[in-house]
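Walk through this structure one residue at a time to begin with, then step back to the core, a pocket and the chain as a whole.

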Amino acid sequence: LIAAFSVGASGFAGPGRAKYREVVPIKLANDNATRQNILSLRATLEKSEIDDRVLVFFSGHGSVDLSGQFYFLAHDTRAGDLPGTGLTLQMIE
């Protein structure tokens, strides 16, 4: 199990809980939730195998540019450069 953006990964292991071979919690919050760090999670998630269970919890803010394009805002997103510093839905997926 890879739990990205997880605050409570300990809930997946321990007495009385489902057992997994491995739980890999990754928490990106505040100044660690940069555009590059979020995009870098792809490499970690791509290591999952067909029978793995992957849980991703994503919570954040967004903004729309003048053309109507929506962007998720990372910690280092600049309002004046949403295309260069924000994250589109396609980038998150």
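Start at Leu73. Setting aside neighbours within four places in sequence, Leu73 touches His61, Gly62, Ser63 and Leu82. The model is a predicted one. Leu73 sits in strand S5, which covers residues 70-73.

Is Leu73 buried, exposed or partly exposed? Its relative accessible area is 34%, so Leu73 is partly exposed. The cut-offs explain the label: buried means under 20%, exposed means over 50%, and partly exposed is what lies in between. Now look across to Ala33. Ala33 and Leu73 are 40 residues apart along the chain, and their C-alpha atoms are separated by 9.3 Å.

Move to Phe72. Its contacts, again without neighbours inside four places, are Phe58, His61, Gly62, Thr77, Gly86, Leu87, Thr88, Leu89 and Ile92. His61 and Gly62 appear in this list, and they appear among the contacts of Leu73 too.

Phe72 also leads into the core. Which residues make up the largest nonpolar core? There are eight: Ile26, Leu28, Ala33, Ile38, Leu41, Phe72, Ala74 and Leu87. Ala33, the partner in the C-alpha separation from Leu73, is one of this set. Leu87 belongs to the core and is also in contact with Phe72. In soluble globular proteins, nonpolar side chains tend to be buried together.

Next, the second largest pocket. Its volume is about 270 Å³. The lining has 12 residues, and Arg42, Leu45, Met91, Ile92 and Glu93 lie nearest the centre. Ile92 is also a contact of Phe72. Which helices supply at least two lining residues each? They are H1 (35-45) and H3 (89-92). H1 gives the largest share, five residues. By type, the lining divides into nine nonpolar residues, three charged and no polar.

Now take the whole chain. It holds three helices and five strands. Along the sequence the order is β-β-α-β-β-β-α-α. Of its 93 residues, 24% count as buried. The accessible surface comes to about 6,500 Å², and carbon and sulfur atoms account for 52% of it.

Finally, consider contacts along the chain. Among those with a separation of 6 or more, 41% join residues 24 or more positions apart.

Note on methods
Residues numbered from 1 in each chain as written. Predicted model: local features only at pLDDT ≥ 70, side-chain atom pairs only at ≥ 80, totals over all residues. Heavy atoms only, no water. Helix = DSSP H or I, 4+ residues; strand = E, 2+ residues; numbered from the N terminus. Buried < 20%, exposed > 50% of the residue type's maximum accessible area, 1.4 Å probe, protein only. Contact = heavy atoms within 4.5 Å. Areas by Shrake-Rupley, 256 points an atom, 1.4 Å probe, with all protein chains shown as cover. Core = buried A, V, L, I, M, F, W, Y, C linked by side-chain atoms within 4.5 Å. 1 Å grid on protein atoms, 1.4 Å probe; cavity = no way out; pocket = protein on both sides within 12 Å on 5 of 7 lines; lining within 4 Å. Points joined across faces, edges and corners; volume = space filled by probe spheres on them. Nonpolar A, V, L, I, M, F, W, Y, C, P; charged D, E, K, R; others polar.
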